[in-house]
Amino acid sequence: CPNACGIQAIERGDIEAHLLQCPLETVECDFLHAGCSVGLVRKDLEKHMEENTQKHVALVPALTLKTDHKHDQLQRKLENVEKQQEQLQKQHDELQKKTYENEAKIKDLEQQLQQKAKRAEELGDVIEMPNFEQYKDDQAVW
């Protein structure tokens, strides 16, 4: 064992599993998140917890305040994200509406173009177009 706990024969692949139970492995107090930063070995953890119950309980109100503050911050961030999402949804809806309007305009213009092309074809059949090839080299007769 790298902690010299007294166990002599540990296979290399079993070291990690042993360290999770090793009595001499350095561990953190269960109240680390509340502010107890005592470093100790696993075998002393239970005694530490028993001897420091009042100190740990005294840490809880400060932790609660921190947690409440963090909760408030996250709540404000969530509200901001929700507002942004709402604005983006409105923008999306407006853009989608404009897209539909533009698609309708394009379809209308395509129909108008088809009608004008058809009318131009009809007029082309009625009016005989002069042959401009006969007026080469700017020798037009007017």
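Salt bridges, histidines and cysteines in a predicted model

K47 and E51 both belong to helix α2, which covers residues 42-51, and they stand four residues apart, which is about one turn of the helix. The structure in front of you is a predicted model, and this pair is a good place to begin reading it. K47 forms a salt bridge with E51, and the closest N and O atoms of the two are 3.9 Å apart. That distance qualifies because a salt bridge requires a side-chain nitrogen of Lys or Arg within 4 Å of a carboxyl oxygen of Asp or Glu. Both partners, K47 and E51, are exposed.

How many salt bridges are there by this rule? The count comes to four, and two others can be described here alongside the pair from helix α2. One of them joins the side chains of D44 and K43, with 3.7 Å from N to O. In this pair K43 counts as exposed, at 51% relative accessibility, whereas D44 is partly exposed, with a relative accessible area of 32%.

Another salt bridge brings together the side chains of R119 and E122, at 3.6 Å from N to O. These two residues lie in helix α3, which runs over residues 53-126, and because they are three residues apart there, about one helical turn separates R119 from E122. R119 has a relative accessible area of 48% and is therefore partly exposed, and E122, at 37% relative accessibility, counts as partly exposed as well.

From the charged pairs we can turn to two histidines. Is H48 buried or exposed? H48, which lies in helix α2, counts as buried because its relative accessibility is 9%, and the limit for a buried residue is under 20%. If its neighbours within four places in sequence are left aside, H48 is in contact with C29, C36, V38, L40 and H56.

H18 lies in helix α1, made up of residues 15-19, and at 12% relative accessibility H18 counts as buried. When residues up to four places away in sequence are not counted, H18 touches C1, C5, I7 and I10. One of these, I7, is eleven residues from H18 along the chain, and the C-alpha atoms of the two are separated by 9.6 Å.

Two of the residues that H18 touches, C1 and C5, are cysteines, and they lead to the last topic. A disulfide is a covalent bond between the sulfur atoms of two cysteines. How many disulfides does a search of the whole structure find? The search finds zero. C5 is accordingly in no disulfide, and the nearest cysteine sulfur, which belongs to C1, is 3.6 Å away; the cut-off for such a pair is 2.5 Å. C5 itself is partly exposed, with a relative accessible area of 23%.

Why does C22 not form a bond with C1, whose sulfur is the closest cysteine sulfur? The sulfur of C22 is 3.7 Å from that of C1, which is too far for a bond. With a relative accessible area of 0%, C22 is buried.

Definitions and conventions:
Residues numbered from 1 in each chain as written. Predicted model: local features only at pLDDT ≥ 70, side-chain atom pairs only at ≥ 80, totals over all residues. Heavy atoms only, no water. Buried < 20%, exposed > 50% of the residue type's maximum accessible area, 1.4 Å probe, protein only. Contact = heavy atoms within 4.5 Å.
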